[in-house]
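Please look over the sequence and the model below before reading on. The paragraphs that follow go from one contact to the chain as a whole, and then to its pockets and some single residues.

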Amino acid sequence: MVHLADGILLLAIKRLNGERSERSLFHVLNGKRSATTLQDAFFYELESIFGQFPQATYSYESMLKGFEKRGWLDRKQFKLTKAGEMISSPEAVERLFNRLGGERRDYNATTWKRLSLFVQTFMSKEHARTFYPVQADRPAEQWVKQLLQLDRDWKALMRTFHQEIEKALDHVGDPYATAVVYRFTGAFETGLTYEQIASLLDVDAETARLYFLAGWNELLKVLPEDAKIRGFTYGLSTDRMTYSAHESYDLFLKGYTFDQVQARRRLRTSTIEDHVVEMAMYLAVFPLEQFVPMQDIVAIEKLRDPVSWALKPVFEEMSNVSYFQIRLVFARLKRGETFV
């Protein structure tokens, strides 16, 4: 039987276009925050699944063997067969793929832990029931404890939270909304497992999990900025830049040169280069000409294959530019800028 979750993973392989390895996708699925993996996710439009399929090496290998056995994958080229492309092509696959929220996964996951534990704790206290925390997460537990110590009319706020979630889920729609609703635990009912939700929705458990991730991501996106429930996102950020890159960025903002940033941070040249590439990937405005002469920017754009993000063909044609400079230009091209 073909599952929607299979289509998601096959679509990820399709987007890599045979230009990256099996190991590259493995790191994307596990959310490895290395420069190479972040760039793979950015250039090949895999950010939405970044870190959303954590798995061990043996399970990943088993999955690829399964795809190959079913005639969906050519592992030598790491590209889909025609049959595999058919499985990855339905609109439902792409729609779910793009909603998974991997680029915001820490933000989404922490907000869920806080809110779901708060709901369970408040409802259990209201009904004088003992309970086992639905989230085995110490930071979330401490956060909820501190929150409940505040002098608030929590009953009224709970009604507001319920209304805000209900309204947001109307926008999200099914099956995503159903997956989110049934994951909540109250005083008398326990949140359903993915297997139980799968039975309700007539899908497999992995697809049910993806419906939840997509639904929760969409819910947080459609909530009004002044929604009370946004209080559960306090101190969290949706910024995709790594903490270390941010530290370098802050120094650049203060007027330090590349060499000065490197000396101050005591990091290798390649590491600071990776930080600058992150800035080019994620910042709305980036001073590209400070790092690459305009004539080289134009030449790189002209040489790039429109359907490829491979660096090597451009590097081999231009002896005067580095891989670092090509990555910077590619990052701005990926963001929709053009220089020709």
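A polar contact is a pair of N or O atoms within 3.5 Å, where, within protein, one must be able to donate a hydrogen and the other to accept it. The structure shown is a predicted model. One pair to examine in it involves Arg332: a polar atom of the Arg332 side chain lies 3.0 Å from the backbone oxygen of Ala284.

Where does Arg332 sit? Its place is in helix α18, which covers residues 323-334. Is Arg332 buried or exposed? Its relative accessible area is 0%, so Arg332 is buried, since buried means under 20%. Neighbours within four places in sequence left aside, Arg332 is in contact with Met279, Ala280, Leu283, Ala284, Val285, Phe286, Leu288, Glu337 and Phe339. Ala284 thus appears both in this list of contacts and as the owner of the backbone oxygen named above.

Helix α18 also comes up in connection with another helix, α16, which spans residues 294-303. Within α16, the residues Asp296, Ile297, Val298, Ile300 and Glu301 are buried. The buried residues of α16 pack against α18 and against α17, residues 312-317. A general point about helices helps when looking at such a list. An α-helix has 3.6 residues a turn, so residues three or four places apart point the same way.

Now to the chain as a whole. The protein chain contains 18 helices and two strands. Its C-alpha atoms fill a box of roughly 75 × 55 × 35 Å, taken along the principal axes. The chain has 340 residues, and 50% of them count as buried. Its accessible surface comes to about 18,000 Å², with 50% of that belonging to carbon and sulfur atoms. Among contacts with a separation of 6 or more, 68% are between residues 24 or more positions apart.

Next come the open spaces. The largest pocket holds about 540 Å³ of space. Two elements give two or more residues to the lining of this pocket, namely α7 (105-126) and α9 (154-172). Helix α9 provides the largest share of the lining, seven residues. In total 22 residues line the largest pocket, and those nearest its centre are Val119, His162, Ile165, Val181 and Phe184. By class, the lining consists of 13 nonpolar, six polar and three charged residues.

The second largest pocket has about 380 Å³ of space and is lined by 16 residues. Nearest the centre of this second pocket lie Gln52, Arg105, Ala109, Phe212 and Leu213. Helices α7 and α12 (205-222) each supply at least two residues of the lining, and α7 gives the largest share, six residues. How many residues of each class does the lining of the second largest pocket have? There are seven nonpolar, four polar and five charged residues.

There is also an enclosed space to consider. The count comes to one cavity of 30 Å³ or more, and the largest cavity has a volume of about 30 Å³. Its lining is made up of Thr111, Leu115, Trp216, Leu219, Leu220, Leu223, Ile229 and Phe232. The elements giving two or more residues to this lining are α7 and α12. The largest share, three residues, comes from α12. In the lining of the cavity, seven residues are nonpolar, one is polar and none is charged.

Two further residues remain, His275 and Asp250. His275 is found in helix α15, residues 269-282. With a relative accessible area of 5%, His275 falls under the 20% limit and is therefore buried. The side chains of His275 and Ser248 are joined by a polar contact of 2.7 Å. Not counting residues up to four places away in sequence, His275 touches Ser244, Ala245, Ser248, Arg265 and Leu267.

Asp250 has its place in helix α13, residues 243-253. Is Asp250 buried, partly exposed or exposed? Its relative accessibility is 38%, so Asp250 counts as partly exposed, because that class lies between under 20% and over 50%. Asp250 and Val261 are 11 residues apart in sequence, and their C-alpha atoms are 9.6 Å apart in space.

How values were computed
Residues are numbered from 1 along each chain as its sequence is written. This is a predicted model: local features need pLDDT of at least 70, side-chain atom pairs count only at pLDDT 80 or more; totals for chains, interfaces and linings use all residues. Side-chain values use heavy atoms; hydrogens and water are left out. Helices (H or I, at least four residues) and strands (E, at least two) are DSSP runs, numbered from the N terminus. Buried means under 20% relative accessible area, exposed over 50%, partly exposed in between (1.4 Å probe, protein chains only). Contact means heavy atoms within 4.5 Å. On a 1 Å grid over the protein atoms alone, a cavity is a set of points where a 1.4 Å probe fits but cannot get out, and a pocket is an open set with protein on both sides within 12 Å along at least five of seven lines; lining residues have an atom within 4 Å of a point. Grid points are joined across faces, edges and corners, and a volume is the space filled by probe spheres set on the points. Ala, Val, Leu, Ile, Met, Phe, Trp, Tyr, Cys and Pro count as nonpolar, Asp, Glu, Lys and Arg as charged, and the others, Gly among them, as polar. Accessible areas come from the Shrake-Rupley method with a 1.4 Å probe; for residues, only the protein chains shown count as cover.
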